[in-house]
Amino acid sequence: MLAILKAAQVSKIHEHGLIFKKQRRVLADVSLELEEGRTIGLMGDSGSGKTTLGKILAGLERPSAGSVIFQGRDISRLRAKEFLEFRRAVQMVFQDPEGSLNPRKSIERSIHDVLSLIKIPKSEWKERTLDILETVGLSEELLCRNPCQISGGQNQRVALARALLLNPKVVILDEPTSALDISVQAQVLNLLKNLQKNRGLGYLLISHQPEVVRFMAQEVFELIDGCLTKSN
């Protein structure tokens, strides 16, 4: 099976200091391939570069060296319209779902913002909204609430719903269950598996929880001092 998304010898160096610049290597020659319908697990200690790699693969950060290849093309060479299409096809769901949603906006408005972005006619918004809520297992009554008025698990489903509206090929999941209790974790993970089966999604699952990674992933890698190693 061909890779949808690849990191090809990606390195990342962060600079800090106002006068005397110091450099810190975050990633070193990392290569990784994501395929349709499969999950790669990515583990590592806090600060090991897991989230940085996820952001680079999603086009949210640029690598210091190396490249990101989407469907055979280097994303740094894409035209503006092509890059926008890439950004829709590769979505990232972050660890703190409530923090990724605007606290001043209702769930309905947060979903409508995405529908507006992708130019869905307003006449279709209600149907699309109810459809995506059903897909992620949420009820219509939540639409009038703000993120602080619903649970962490429900917020995570809203964040996932917003990503799915863009019809992605790859979803990068950054600690998607670490803030949830055990019973809600199981619900979200089973939902992710079902969505993958039905939509053929490729996942990069970033987690420090070995049991979560073992449940979800066909291959597992670990970042140690910025270097990627395959885990048994």
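## A tour from one loop outwards

Start by selecting Glu 175, which sits in the loop between β7 and α7. This is a predicted model, so please read every stop with that in mind. Glu 175 has a positive phi of about 50° although it is not a glycine. Most residues other than glycine have a negative phi. Is Glu 175 buried or exposed? Switch on the surface: Glu 175 is buried, with a relative accessible area of 6%.

For a contrast, go to Lys 119, in the loop between α4 (107–117) and α5. Lys 119 is not a glycine either, yet its phi is positive, at about 60°. Lys 119 is exposed, with a relative accessible area of 71%.

**Along helix α7**

Next, select helix α7, residues 182–199. With 18 residues at 1.5 Å a residue, α7 should span 26 Å, and its end C-alpha atoms are indeed 26 Å apart. Now show the side chains of Val 184, Gln 185, Val 188, Leu 189, Leu 191, Leu 192, Leu 195 and Gln 196, the buried residues of α7. Turn the view to look down the axis of α7: these buried residues fall within an arc of 155°, so they line one face of the helix.

Which exposed residues does the face turned away from the buried side carry? Colour Ile 182, Lys 197 and Asn 198 to see them there. To see what covers the buried residues of α7, bring in the elements around them, which include β3 (39–44), α5 (125–135), α6 (152–164), β7 (170–174), β8 (202–206) and α8 (210–216). Before leaving, click on Gly 200, just after α7, where phi is positive at about 70°.

**The open sheet**

Now move to an open sheet of 4 strands, ordered β2-β1-β4-β5 with antiparallel pairing. β2 (22–35) and β5 (73–74) are the edge strands; each has a single partner strand, so one side of each is left without a neighbour in the sheet. Helix α1, residues 50–57, packs on this sheet and touches β1, β2 and β4. The direction of α1 makes about 125° with that of β1.

Within the sheet, select β1 (residues 3–16) together with β4 (residues 65–70): this antiparallel pair is joined over 5 bridges. What is the bridge partner of Ala 7 in β4? Look across from Ala 7 and you will find Val 68.

**The hairpin of β9 and β10**

Jump to β9 (residues 219–224) and β10 (residues 227–230), which pair in the antiparallel sense over 4 bridges. One pair to pick out is Ile 224 and its bridge partner in β10, Cys 227. The hairpin has 2 residues between its strands, and Asp 225 takes a positive phi near 55°.

**Zooming out**

Finally, show the whole protein chain, whose secondary structure comes to 8 helices and 10 strands. The radius of gyration is 18 Å, close to the 17 Å that the globule rule gives for 232 residues, so the chain is as compact as a globular protein of that length. Along the principal axes, the C-alpha atoms fill a box of roughly 50 × 45 × 40 Å. Colour by burial and you will see that 48% of the 232 residues are buried. A contact map rounds off the view: among contacts between residues at least 6 apart in sequence, 72% join residues at least 24 apart.

Notes
Residues numbered from 1 in each chain as written. Predicted model: local features only at pLDDT ≥ 70, side-chain atom pairs only at ≥ 80, totals over all residues. Heavy atoms only, no water. Pairing = 2+ DSSP bridges. Contact = heavy atoms within 4.5 Å. Axes fitted to C-alpha atoms, helices over the stretch in contact; angles between N-to-C directions. Expected span 1.5 Å × (residues − 1). Buried < 20%, exposed > 50% of the residue type's maximum accessible area, 1.4 Å probe, protein only. Arc of directions from axis to C-beta. Rg over C-alpha atoms; globule rule 2.2 N^0.38 Å.
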